[in-house]
Amino acid sequence: MKQKSSYNQTEKSPLFTFHFSLFTSIVILAMLFPIASFAQGGTVSPYSQFGLGEIAQRGGGLNQGMNGLGIGLHRSYLVNPLNPASYAMTDSLTMLFDMGLSGQITNYSDAGKKDKTKTANFEYVMGSFRISKVLGATFGILPLTSVGYNYSTTAKLDEQTTVVTTHEGDGGLHQLFVGLGVRPIKSLSVGMNAGYIWGGYDRGVVANSGSTVNRLAKIYSAEVNSYTLDFGVQYDHQISKTDMLTVGLTYGLGHKLGTDAECRIISSNSSVSKNDTTLMKVNNALELPHTFGAGFSYSHGEKWLVGADVQAQFWGKTQFPDYYNNQYALRSDLLDNSYKFVLGGEYCPRWNARNIFQRIRYRFGASYTTPYYKINGQEGPRQISATVGFGIPIANSYITRTSLFFPFVNISAQYVNNYATGMIRENTFRINIGLTFNERWFAKWKVE
């Protein structure tokens, strides 16, 4: 394929614009990769003190605009890491870059008391390209879990003694991954993500009895360096010239992380200068669950798309370390199987129209998720979420409105409600902002 352009000393050619855009993309990625490497969780939820923390929302701007829809979905001009089989459909002429940020406001209420927090976080960075006619590749950094909380409770032991207990923690897990998707026959794609995960958590429970007398602290910590493997398959059924049904399946390998978990118990008294410290350790304590997903999407050309996903994470078969009965050991009754149901869609009035509002991709989504942890033997809060989003195309001097391969600004607004009877209620409003670059790396340019 040849792209023609005029070129002289006084006129900026599309070829120059192409290289300038590519240079800008690489510079931005170079700045964001170190941020992603050291970024920790962007949560302040007290529920992140359980298990491995709050499960992070995953996916790029396309997925986030539809509240996490993606198992039975592929687009040749956008990155979808939720099913690696989708990489096989990456356009043969482009190199895709996708990166995103988020900011959120969370309101808490419990027994008549209210509080509010604000956070911002770097979410992801990904790239995707075609290796051959039937083989596509993707790489990137995604969050897995996040830990971040700090709150205190007060209790009276007797008329003269008050105990103030402080709970705090931070950390999270992140994934650096590469993935391949291949299309062995016309309608079938299969793929795999292989990732390196790193991170950990530090959690503390500190009880102070009296103003300056007794102090008891339990410090929990773990550091993770391990791997992940995810597999996916997609099948397309062409219903008519414009209508297509795509179904997908995914599987995530569950395994031990090879991580030792530690618990330090530190007892001190203001009248005694020496602290008493006890260190306990559980070897090979943490693990990831087996996960399964199934989904479909029904599309009518580039005009509209609807789909649904169901995902299952089998945490109930895993164990987690805990301090109880004066010992630190693995327990099998702290975690539970988690299920997520997603419904989403996208509508574009006319992707090649002159009017910018007709070219925008309007997205929506809703989901329902059951918790993967228990609190004092009871099921944790269930989550209901709804999203509206926009994929705004940006044309430039070498990508016109007659091409699907625009750079995209992906913006979505999400409402999340966590609620269980007798527990803290969380209401979160989140803004996700992503930018997708479509670089024509593999086009043959001809200068005249």
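Is N376 buried or exposed? With a relative accessible area of 78%, N376 is exposed, where exposed means over 50%, buried under 20% and partly exposed in between, for a 1.4 Å probe and protein chains only. Before I continue, please note that this is a predicted model, in which local features need pLDDT of at least 70 and side-chain atom pairs count only at pLDDT 80 or more, while totals for chains, interfaces and linings use all residues. Residues are numbered from 1 along each chain as its sequence is written, and side-chain values use heavy atoms, with hydrogens and water left out.

I stay with N376 for a moment. It is not a glycine, yet its phi is positive, at about 55°. N376 belongs to the loop between β20 and β21 (378-379); strands here are DSSP runs of E with at least two residues, helices are runs of H or I with at least four, and both are numbered from the N terminus. N326 also has a positive phi, of about 60°, and is not a glycine. This residue sits in the loop between β16 and β17, and its relative accessible area of 66% makes N326 exposed.

I turn next to H255, in strand β10 (residues 255-256). H255 counts as buried because its relative accessibility is 9%. Beyond its neighbours within four places in sequence, H255 is in contact (heavy atoms within 4.5 Å) with S226, Y227, T228, E287 and L288. Of these, L288 is 33 residues away in sequence, with a C-alpha to C-alpha separation of 5.4 Å. A polar atom of the H255 side chain lies 2.7 Å from the backbone oxygen of Y227.

What of the nonpolar cores? A core is a set of buried Ala, Val, Leu, Ile, Met, Phe, Trp, Tyr and Cys residues joined through side-chain atoms within 4.5 Å. The largest has 30 residues, and L52, Y201, L286, F320, Y328 and L335 have the most contacts inside it. Elements giving two or more residues to this core are β5, β7, β8, β11 (261-269) and β12 (272-282). Leaving out residues up to four places away in sequence, L286 touches ten positions' worth of chain that include L52, Y201, F320 and P321. Apart from this core lies another, of nine residues, with M66, L73, L78 and F408 among them.Finally, the pockets. Rolling a probe the size of a water molecule over the atoms shows where empty space is left. On a 1 Å grid over the protein atoms alone, a pocket is an open set of points with protein on both sides within 12 Å along at least five of seven lines, and lining residues have an atom within 4 Å of a point. The largest pocket has a volume of about 760 Å³, a volume being the space filled by probe spheres set on the points, which are joined across faces, edges and corners. Of its 24 lining residues, P46, D110, Y151, S152 and I424 are the closest to the centre. Strand β5 supplies the largest share of this lining, six residues.

The second largest pocket holds about 650 Å³. Its lining has 25 residues, with Q49, F50, Y220, D322 and L334 nearest the centre. Here β16 gives the most, four residues.

How values were computed:
Polar contact = N/O pair within 3.5 Å; in protein donor to acceptor, adjacent residues only side chain to side chain. 1 Å grid on protein atoms, 1.4 Å probe; cavity = no way out; pocket = protein on both sides within 12 Å on 5 of 7 lines; lining within 4 Å.
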